[in-house]
Structure formats: structure tokens, C-alpha cells
Amino acid sequence: MKQKIVFFTRGPMGSGKSYWARRYARRHKGVCIISSDAIRMRLLAPEDEYFSKEKEVWKIFYDEGQKAIDDPNVREVIFDATYLTDKALARTLRHLNIPKEVKVVEVKINTPLEKCYKQNADRKGRAFVPNFVIEDAYNLFQINKTISWVRKRINETWEVGNDEQHLGE
């Protein structure tokens with residue numbers, strides 16, 4: 001049986017994390033995508049402020065993620081969230097029980113800032129993110145301060161560029 005893999009997408013808003021996750025899942029069997037944005041949209045009523053249900057969003061994110069990790073029928077789990085810094089990734093790793101034999105891969109989506117703006121401009125409604133937020137996130141992503149135990153837990157880093165999408169093939 002193939003080794004289970006857990007992926008964490010990393011990159012600013014509009015960089016193509018969800019696009020990469022969907023594309024990867026279409027090409028591989030037994031993939032489960034856990035998306036913080038999808039959970040948030042599922043929970044929010046039209047009148048709710050965008051971040052009003054964050055505690056619930058992240059509880060569901062961790063719970064659904066753990067179920068997918070534990071499910072023997074799921075071969076690969078993609079955690080589709082921003083994860084700009086090791087600190088943000090550490091928060092999720094602390095909530096999950098990922099067995100040592102499970103491979104952990106970070107997928108760094110390296111998209112130029114201008115392309116993030118362009119891709120974000122195509123978003124509708126609540127999915128649209130103001131450019132100043134994207135710029136702040138982009139800058140934070142560029143200066144990530146590493147956390148040694150997080151780096152040790154990551155088995156591989158896939159650098160996904162602007163035009164090619166690493167799909168594990």
C-alpha cells in the first residue's frame with residue numbers, strides 16, 4: 001500500500017492554493033481536500049461578518065482533517081489554507097495527530113504579487129480580498145521565520161511556480 005501523504009498549501013491569497021489542490025485531486029485517487037475557505041462559506045449567513053465564526057471554522061477544519069488522516073480509504077489529505085508562516089502551520093500541526101509514517105509535504109505556491117492581484121480580481125462576493133491584505137500577506141510569506149520542530153516534521157517541500165503546477169507526477 002502506498003504511503004499516506006498530508007499536504008499543507010502555503011501562499012498568499014490569490015496565489016492559486018485552491019486551484020492547485022483541486023487540480024492535484026483530479027489527477028490522483030483517494031484525495032481529500034480540507035479547505036478553511038469552504039468551511040467558512042458553509043457556516044456564514046449572508047448577514048454575518050466574514051471572520052465572525054473563526055473558532056468554529058478552525059474546529060471543523062481540524063476535526064475534518066483528523067478524520068481524513070485516520071480514514072484508511074483516504075490516501076492523501078490536502079489542507080488548503082494560507083499558512084503564510086511556520087507559526088501558522090505549527091498551530092495546525094499541534095491540533096492534529098499525524099502518525100510518523102505519514103509523509104508531510106508543504107506546497108509553497110510562489111506566485112508574483114501582481115498575478116495574485118489579477119487572480120483575486122476574478123473572485124466574486126466574499127471570496128474577493130482587498131489588495132492591501134494580499135500585499136501584507138505576500139510580504140509576510142516572503143520573510144517566514146522558521147520553527148525548527150515544524151521544519152523537522154515536514155518531509156518534503158514542493159515549490160510550485162507561476163506557470164507550472166507541481167502535481168506529484
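At what angle do the axes of helix H2 and helix H3 cross, and within what distance do they come? The close-up views below take up this question and others, using a predicted model.

**View 1. Helix H2 crosses helix H3.** Here you can follow H2, residues 36-43, as it meets H3, residues 54-70. Their axes cross at roughly 130° and come within 9 Å. That angle makes H2 oblique to H3, and the crossing is right-handed. From H2, the residues making the contact are Ser 36, Ile 39, Arg 40, Arg 42 and Leu 43. H3 answers with Glu 54, Glu 56, Val 57, Trp 58, Ile 60, Phe 61 and Glu 64. Sorted by class, this contact of H2 with H3 holds six nonpolar, one polar and five charged residues.

**View 2. Five strands form an open sheet.** Reading across the sheet, the order is E2-E3-E1-E4-E5, and the pairing is parallel. At the edges you will find E2 (31-35) and E5 (156-160), each of which pairs on one side only. On average, neighbouring strands of this sheet are turned by 20° against each other, direction ignored. H2, familiar from the previous view, packs on this sheet and touches E2 and E3. The direction of H2 makes about 60° with that of E2.

**View 3. Strand E1 pairs with E3 and with E4.** Let us look closer at E1, which covers residues 5-10. E1 runs parallel to E3 (residues 76-80), and four bridges join the two strands. One residue to look for is Phe 7, whose bridge partner in E3 is Ile 78. E1 also runs parallel to E4 (residues 103-109), here with six bridges. Val 6 has Val 104 as its bridge partner in E4.

**View 4. The side chains of E1 point two ways.** Are the residues of strand E1 buried or exposed? Six of the six are buried, so E1 is largely enclosed by the rest of the structure. Ile 5, Phe 7 and Thr 9 point one way from the strand, while Val 6, Phe 8 and Arg 10 point the other way. Please note that Arg 10 and Thr 9 are buried along with the others.

**View 5. Helix H5 packs with helix H6.** H5 spans residues 113-121, and H6 spans residues 131-142. The two helices pack at an angle of about 145°, with their axes 10 Å apart, and their crossing is right-handed. On the H5 side, Leu 113, Cys 116, Tyr 117 and Asn 120 take part. They meet Asn 131, Ile 134, Glu 135 and Tyr 138 in H6. By class, this contact of H5 with H6 has five nonpolar, two polar and one charged residues.

**View 6. Glu 135 sits in helix H6.** This last view stays with H6 and picks out Glu 135, one of its residues. Its relative accessibility is 36%, so Glu 135 counts as partly exposed. Which residues does Glu 135 contact, leaving aside its neighbours within four places in sequence? They are Leu 113 and Tyr 117, both of which belong to H5. Trp 158 lies 23 residues from Glu 135 along the chain, and the C-alpha atoms of the two are separated by 23 Å.

Methods. Residues are numbered from 1 along each chain as its sequence is written. This is a predicted model: local features need pLDDT of at least 70, side-chain atom pairs count only at pLDDT 80 or more; totals for chains, interfaces and linings use all residues. Side-chain values use heavy atoms; hydrogens and water are left out. Axes are lines fitted to C-alpha atoms, for helices over the stretch in contact, and angles run from 0 to 180 degrees between N-to-C directions. Angles under 35 degrees count as roughly parallel, over 145 as roughly antiparallel, 65 to 115 as roughly perpendicular and the rest as oblique. A crossing is left-handed if the near helix is turned anticlockwise from the far one by less than a right angle, and right-handed if clockwise. Contact means heavy atoms within 4.5 Å. Ala, Val, Leu, Ile, Met, Phe, Trp, Tyr, Cys and Pro count as nonpolar, Asp, Glu, Lys and Arg as charged, and the others, Gly among them, as polar. Buried means under 20% relative accessible area, exposed over 50%, partly exposed in between (1.4 Å probe, protein chains only). Two strands pair if DSSP finds at least two bridges between them.
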